[in-house]
Structures are given as C-alpha cells and as structure tokens.
Amino acid sequence: MYKRNSKLYILAIAFWLSIWQLVSSLMGQEILLVSPLSALSRLGHLSLEADFWKTVWYSFSKISLGFFLAFILGIGMALLGANFRAFRVLIQPLMATIQAIPVVSFIILCLIWVSSRNLSVLISFLLVLPIIYTNVLTGIDSIDSSFMDLAKVFKMKRSKIIRYIYLSEVYPHLKSATYVSLGLCWKSGIAAEVIGMPNMSIGEKLYQAKIYLSTGDLFAWTLVIIVLSVAFRKVFMALMDRLVDRLSI
C-alpha cells in the first residue's frame with residue numbers, strides 16, 4: 001500500500017512538472033516563466049557557491065527556532081489553560097488577536113520592535129503559537145471524563161495518566177496542529193525575510209531576484225524553500241511519531 005501511494009505521488013509530481021514545462025515552452029519567454037530544467041540548472045549553479053549554504057542555514061535556523069519556541073510554549077500554555085480557568089480567559093483575547101491580524105501587518109509592526117535579523121524568528125513564533133495552543137487545549141478538553149474516573153478508581157499514578165490517557169487523546173490534535181504549523185512557519189518566516197531583507201537570507205535573495213528580473217534565481221530559491229519545508233516537516237513528524245510510540249508502550 002505504501003509503495004503504491006509513493007508511486008502515485010511521484011506520478012502526480014511528474015504530471016505537474018510536465019504541465020509546468022509545457023506552459024513554459026508555449027510562452028517561450030523564460031523571463032516570465034522558466035522551465036523546470038532551467039530552474040534546476042540554476043539551482044545547481046547556486047549550490048556550488050559558498051554563500052548558498054550560509055544563506056540556507058541562516059533562514060533554516062531562524063525559522064526552525066521560531067517554530068520550536070512556539071511548539072514548546074504552546075503546549076505549556078495549553079496545559080496551564082486546561083488547569084487554570086483564569087489563565088485561559090486571560091490568554092484567549094491575545095490568541096484571537098494574533099490569529100486575526102494579517103501576516104503583513106504583523107511583519108511591519110514587528111520591524112519597529114526587533115531588528116530584521118530576528119524578524120523571521122518572531123513572526124514564525126507568533127503564527128505557530130496560537131495554532132499549537134488552541135489544538136492542544138481542544139484535545140485536553142475532549143478527554144472523556146469517564147477515563148479520569150476510572151483512573152481514580154484504579155489509583156493510577158499521575159505519570160501513567162499522562163502517558164496512557166492524556167497522550168493518546170491529545171496527540172492527534174497536536175499532530176494535526178504541528179502539520180499545519182510546519183508549513184505556515186516557513187511561509188510567514190520567508191515573507192518576513194522578504195520585507196525585512198536581513199543580509200544572507202533566502203528572503204533577501206528572492207527580493208534581489210525580483211528586482212533584477214532573474215526568474216531563474218526566483219524559481220531556484222523557491223525550490224529550496226519547498227525542499228526545506230517538506231524535509232523539515234517529514235523529519236519532525238517522524239520523530240514525533242516515534243517518540244509517542246515509545247511512550248505508549
């Protein structure tokens with residue numbers, strides 16, 4: 001089943017690459033739309049430059065840091081919100097405000113408070129935090145009270161309650177929130193870099209490609225973002241699944 005799905009996924013990618021190649025050939029102007037081969041060729045040339053890997057590491061480290069901070073703090077705040085109603089009521093307007101404000105407005109506002117070098121950390125953090133918090137809190141609230149009653153009857157230790165009741169009920173909510181957040185943190189983080197233009201960032205390279213009408217560079221750096229985002233998501237989700245499987249044994 002897994003191999004079949006993998007083949008279908010590869011075929012789907014090949015289909016859209018073919019459409020991309022066809023449209024590029026019909027347009028006949030690579031300044032408007034480069035072909036997949038041209039984009040990959042340009043990516044290959046960029047990867048041979050020393051600054052390429054420094055740029056990739058800079059953006060990856062900043063955006064992933066923002067995600068990890070939001071992930072940890074979001075879970076911690078959800079636990080507080082589940083146990084202390086006053087905290088939940090106090091924090092709810094803040095979370096609602098963060099979710100309602102457009103990303104661009106956030107970026108411009110945050111540029112007043114922080115330097116452009118740390119902007120992507122703050123933006124990815126702010127966009128991920130309410131998603132993790134809300135979903136984990138929803139998962140905790142959805143736990144059947146009868147499970148807790150049984151735990152009291154059998155005098156289960158708190159560690160086992162967390163392991164066998166909380167973890168099994170909350171993890172699906174956390175997993176879906178994490179999946180969405182991992183994509184969103186890259187979109188918002190790169191957008192912050194494009195506007196803030198910190199030196200040696202992917203966002204700066206995208207902006208320069210736009211200014212100089214270097215469509216090949218624009219698509220090459222976009223491919224880098226896609227690869228980083230997908231790879232980071234797959235690795236992090238796999239590590240989460242493995243950790244939960246071990247804890248559930």
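**A walk through the helices**

Let's start at a small detail: right after helix α9, Leu213 has a positive phi of about 55 degrees. Keep in mind that this is a predicted model. Step back into α9 itself and you'll find several buried residues: Ile202, Gly203, Glu204, Lys205, Leu206 and Ala209.

Three of those, Ile202, Lys205 and Leu206, are touched by Trp221. Setting aside residues up to four places away in sequence, Trp221 also touches Leu46, Phe52, Thr55 and Val56.

That brings us to the inside of the protein. The largest nonpolar core has 52 residues, and Trp221 is among those with the most contacts inside it, along with Phe67, Ile123, Ile202 and Val224. Helices α2, α3, α4, α5, α6, α8, α9 and α10 each supply at least two residues of this core, and α6 gives the most, with 13. As a general rule, nonpolar side chains in soluble globular proteins tend to be buried together.

Now for the rings. The structure holds 15 aromatic pairs. In one of them, Phe67 and Phe232 meet edge-to-face, 5.9 Å centre to centre with 80 degrees between the planes. This pair links helix α3 to helix α10, with its partners 165 residues apart. Phe67 counts as buried because its relative accessibility is 0%, and Phe232 is also buried, at 10%.

Phe71 and Phe236 make another edge-to-face pair, 5.3 Å centre to centre and 90 degrees between the planes. Here too, the link runs from α3 to α10 across 165 residues, and both rings belong to buried residues. These four Phe residues join Trp57, Phe60, Phe68 and Trp186 in one aromatic cluster.

Note on methods:
Residues numbered from 1 in each chain as written. Predicted model: local features only at pLDDT ≥ 70, side-chain atom pairs only at ≥ 80, totals over all residues. Heavy atoms only, no water. Core = buried A, V, L, I, M, F, W, Y, C linked by side-chain atoms within 4.5 Å. Buried < 20%, exposed > 50% of the residue type's maximum accessible area, 1.4 Å probe, protein only. Helix = DSSP H or I, 4+ residues; strand = E, 2+ residues; numbered from the N terminus. Contact = heavy atoms within 4.5 Å. Phe/Tyr/Trp six-rings, centres within 6.5 Å; stacked < 30°, edge-to-face > 60°.
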